[in-house]
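This briefing is meant for a reader who is meeting the structure below for the first time. Please look over the sequence and the 3D view, and then follow the points topic by topic.

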Amino acid sequence: AAGIGQANFADTLANVSLEAVDKLKAGEAAAIAGVDGQASVQQVVEAVMAAEASLQTAIAIRDKVVSAYQEISRMAI
């Protein structure tokens with residue numbers, strides 16, 4: 001049963017990472033399209049804000065994982 005929980009946690013982390021990368025790529029593409037005049041300022045801002053929010057989520061999750069690891073490593077066994 002623990003293996004299933006761990007796999008789901010690992011899958012969740014992988015999905016969050018992939019989503020963050022995809023949104024960062026979309027934000028970059030929107031910024032380039034905006035410079036080329038192919039996207040409106042609103043589209044660029046929305047894409048960049050979505051990328052930033054996704055990155056902040058990924059960073060928060062990373063920080064929680066590191067904190068949990070540090071807490072576990074301090075436990076007396």
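Val 16 has its place in helix α1, and in this predicted model Val 16 counts as partly exposed because its relative accessibility is 21%, while buried would mean under 20%. Leaving aside residues up to four places away in sequence, Val 16 touches Ala 58 and Ile 61. The C-alpha atom of Val 16 is separated by 8.2 Å from that of Thr 57, although the two residues are 41 residues apart along the chain.

**The chain as a whole**

- The protein chain has 2 helices and 0 strands, and helix α1 takes in residues 2-35, whereas helix α2 takes in residues 41-74.
- Of the 77 residues of the protein chain, 12% count as buried.
- The accessible surface of the protein chain comes to about 6,000 Å², and 63% of that surface belongs to carbon and sulfur atoms.

**The length of helix α2**

- How far apart should the ends of helix α2 be, at 1.5 Å a residue? The 34 residues of helix α2 should span 50 Å, because the expected span is 1.5 Å times one less than the number of residues.
- The end C-alpha atoms of helix α2 are 49 Å apart in the model, which agrees with the expected span.

**Buried positions and pairs across the chain**

- Which residues of α2 are buried? Val 44, Ala 47, Ala 51 and Ser 54 are buried in α2.
- Ser 54 lies in helix α2, and Ser 54 counts as buried because its relative accessible area is 8%, which falls under the cut-off of 20%.
- Not counting residues up to four places away in sequence, Ser 54 touches Glu 19, Ala 20 and Lys 23.
- Ala 47, one of the buried residues in α2, has its C-alpha atom separated by 8.8 Å from that of Ala 29, and these two residues are 18 residues apart along the chain.
- Ala 29 itself has its place in helix α1, and Ala 29 counts as partly exposed because its relative accessibility is 46%, a value between the 20% and 50% cut-offs.

**Salt bridges**

- How many salt bridges does a search of the whole structure find? The search finds 3 salt bridges.
- Lys 23 forms a salt bridge with Glu 19, with the closest N and O atoms 3.6 Å apart, and both residues lie in helix α1, where they are 4 residues apart, or about one turn of the helix.
- Both Lys 23 and Glu 19 are also among the residues that Ser 54 touches; Lys 23 counts as partly exposed at 33% relative accessibility, and Glu 19 counts as partly exposed at 43%.
- The side chains of Arg 62 and Asp 63 meet in a salt bridge, at 2.7 Å from N to O; Arg 62 is partly exposed with a relative accessible area of 48%, and Asp 63 counts as partly exposed at 38% relative accessibility.
- Glu 71 forms a salt bridge with Arg 74, with the closest N and O atoms 3.0 Å apart, and both residues lie in helix α2, where they are 3 residues apart, or about one turn of the helix.
- Is Arg 74 buried or exposed? Arg 74 counts as exposed because its relative accessibility is 59%, and exposed means over 50%.
- Glu 71, the partner of Arg 74 in this salt bridge, is partly exposed, with a relative accessible area of 46%.

**A nonpolar patch on the surface**

- Which residues make the nonpolar surface patch of about 300 Å²? The patch is made by Val 41, Val 45 and Met 49.
- Met 49 lies in helix α2, and Met 49 counts as exposed because its relative accessibility is 54%, which is over the 50% cut-off.

Key. Residues are numbered from 1 along each chain as its sequence is written. This is a predicted model: local features need pLDDT of at least 70, side-chain atom pairs count only at pLDDT 80 or more; totals for chains, interfaces and linings use all residues. Side-chain values use heavy atoms; hydrogens and water are left out. Buried means under 20% relative accessible area, exposed over 50%, partly exposed in between (1.4 Å probe, protein chains only). Accessible areas come from the Shrake-Rupley method with a 1.4 Å probe; for residues, only the protein chains shown count as cover. Patches are made of residues with over 30% relative accessible area and no salt bridge: like charges are joined within 9 Å, nonpolar side chains (Val, Leu, Ile, Met, Phe, Trp, Tyr) within 5 Å. A salt bridge is a side-chain nitrogen of Lys or Arg within 4 Å of a carboxyl oxygen of Asp or Glu. Contact means heavy atoms within 4.5 Å.
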